[in-house]
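I opened a fresh notebook page for this chain. I wanted the overall build down before any local detail.

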Amino acid sequence: MDIRNDVLRQLKNHRPGYSLEQPFYIDKDYFQLDMETIWYRDWLFVGHDCEIPKAGNYFTLQIGDYPVVIVRGKDKLIRAFHNTCRHRGHRVCTQERGASAKLVCPYHQWTYDLDGSLVFARQMDESFDKSKFGMKHVHCETVGGYVFICLANEAPDFAPVREKIEPYMAPHRLWEAKVAHQNTIVEKGNWKLVWENNRECYHCAANHPELCRTYPEAPSATGVQGAADDPIISEHWARCEAANLPSKFDMHPDGQFRVARMPLIEDAESYTMDGKRAVRRALSDDVTISHIGTMLLFHYPTTWNHMLVDHTISFRVLPISAEETAVTTKWLVHKDAVEGVDYDIEQLTHVWNMTNDQDRQIVEENAFGIRSPAYEPGPYSELHEGGVMQFVEWYTKFMVDRLQGDQAKLSAVA
């Protein structure tokens, strides 16, 4: 069977407003095609500028088959490299994060400068040319304090992403924040199930009692339509934009990324059990008003975010296998905020720690049911699951466009 043609046929026949066929959520070959078509070829959120503030600071991650290292250079620029030694392939940086004046492969001590150039290779032949064996670069861009990479040889244009999201992010000054806490959970479900669950609050009232204290489950707040018609939301946008905080819903035409500033419930300012700020020190001095709600940033396939008056929460999605997905959550606060004085970690993280675990259980039960031979695609709620339909529509169109484009290239070559 030609897996690409089979997937293309199923996607073209996908019934709008319904979930996908079973193999898209559980099949290893379908998963591998997702990796090759999306994850290895598009821009992916990987972390924050503030995680590597000084020259030599680095962090690593694994994207499918690719180990990658992100490092701050002596020139202050952030770069990404394939974390594979040009000698015999050993990982150069084996820790999750660290700091080093040079990047040294622990196997045979080949040594690379922070710009990736090879500066030392012990006892090689005199004819050996170090300049030809630097670490391989990965496309890397930073915007508003966020780091994105692309593993493809030729990366898509990042300018549309920057143009759309940077004005919304800039007031929060996240490039000079700090990560107060982070954790990673592994959800036993396909990455698309993780996203589908995230893109609606149809399930919130019954499953997220902590989150529902402050976050509205109204479809206009969680979906992709109707927000401008909601008087509470439109009034919130007008108030925030008057204070130089871009707020109105704005989505790229292809549906891959979007931004909007949404109000929280009643007098709530933050994701806490009482709705009060979790951090006494405001996140940014550029935000001059209170009750700004949450600035929602979504970028498929890797990240959704909540930017509040006192802190920001970023979520990073990375697929591990057809039925395993790692979700990393980071809580960012002002760089001068002091733990135990300005904030308490338990209070800061409680709502989303509970919500993440509840979502993990939902995704895993969802995946469990989809494995049944009796499963067949079901209809989404047009009222509550517009965001899910938009995600599935994006995924379907994105895959079809890529797969058809690949076929055209192959035909041209043939």
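My entries follow, from the whole chain down to single residues.

**Entry 1: the whole chain**

I noted the source before anything else: this is a predicted model. I then counted secondary structure and found ten helices and 17 strands. I compared the radius of gyration with the globule rule next. The chain gives 22 Å, close to the 22 Å from the rule for 414 residues, so it is as compact as a globular protein of that length. Along the principal axes, the C-alpha atoms fill a box of roughly 75 × 60 × 35 Å.

**Entry 2: burial, contacts, surface and charge**

I looked up how much of the chain is covered. Of the 414 residues, 54% are buried. For contacts, I kept pairs at least 6 apart in sequence. Of these, 67% join residues at least 24 apart. The exposed surface comes to about 18,400 Å². Carbon and sulfur atoms supply 49% of that area. I also checked the charges. There are 44 positive and 59 negative ones, and their mean positions lie 7 Å apart.

**Entry 3: strands 2, 3 and 4**

I went to strand 3, residues 66-72, and asked how many of its seven residues are buried. The count is six, which leaves the strand mostly covered.

Strand 3 has antiparallel links to two strands that I followed up. Strand 2, residues 57-63, joins strand 3 through six bridges. I picked out one pair there: I63 has Y66 as its bridge partner. The hairpin between strand 2 and strand 3 has two residues between the strands. G64 in that hairpin takes a positive phi near 60°.

On to strand 4, residues 78-82. Five bridges join strand 3 to strand 4, and the two run antiparallel. V68 is partnered with H82 of strand 4. The hairpin of strand 3 and strand 4 has five residues between the strands. K76 is the residue I marked in that hairpin, with a positive phi near 75°.

**Entry 4: the sheet of strands 6, 7 and 8**

Which order do the three strands of this open sheet take? I read the order as 6-7-8, with antiparallel pairing. The edges are strand 6 (103-104) and strand 8 (118-120), each pairing on one side only. Strand 7 covers residues 111-112 and is joined to strand 6 by two bridges. L103 stands opposite Y112 of strand 7.

**Entry 5: two glutamines with positive phi**

I listed Q109 as a non-glycine residue with a positive phi, about 65°. Q109 sits in the loop between strand 6 and strand 7. Is Q109 buried or exposed? It falls in between: Q109 is partly exposed, at a relative accessible area of 31%.

Q123 went on the list too. It is not a glycine either, and its phi is positive at about 55°. The loop between strand 8 and strand 9 (137-143) holds Q123. I looked up its cover as well. Q123 is exposed, with a relative accessible area of 73%. The cut-off for exposed is over 50%.

**Entry 6: a cis peptide**

I checked omega at Y300 and P301. A cis peptide bond joins the two, with omega at about 5°. I then placed P301 in the chain. P301 is in the loop between strand 14 (294-299) and strand 15 (303-307).

**Entry 7: strands 11, 16 and 17**

I finished with strand 17, residues 324-334. Why do I call it largely enclosed by the rest of the structure? Ten of its eleven residues are buried, so the label fits. Buried here means under 20% relative accessible area.

I traced two antiparallel pairings of strand 17. Strand 11, residues 177-187, is joined to strand 17 by ten bridges. K178 pairs with V333 of strand 17 there. Strand 16, residues 312-321, pairs with strand 17 over nine bridges. In that pairing, T312 stands opposite L332 of strand 17. The connection between strand 16 and strand 17 is a hairpin of two residues.

Note on methods
Residues are numbered from 1 along each chain as its sequence is written. This is a predicted model: local features need pLDDT of at least 70, side-chain atom pairs count only at pLDDT 80 or more; totals for chains, interfaces and linings use all residues. Side-chain values use heavy atoms; hydrogens and water are left out. Helices (H or I, at least four residues) and strands (E, at least two) are DSSP runs, numbered from the N terminus. The radius of gyration is taken over C-alpha atoms; the globule rule is 2.2 Å times the number of residues to the power 0.38. Buried means under 20% relative accessible area, exposed over 50%, partly exposed in between (1.4 Å probe, protein chains only). Contact means heavy atoms within 4.5 Å. Accessible areas come from the Shrake-Rupley method with a 1.4 Å probe; for residues, only the protein chains shown count as cover. Lys and Arg count as positive and Asp and Glu as negative; His and the chain ends are not counted. The place of a charge is taken as NZ of Lys, CZ of Arg, CG of Asp or CD of Glu. Two strands pair if DSSP finds at least two bridges between them.
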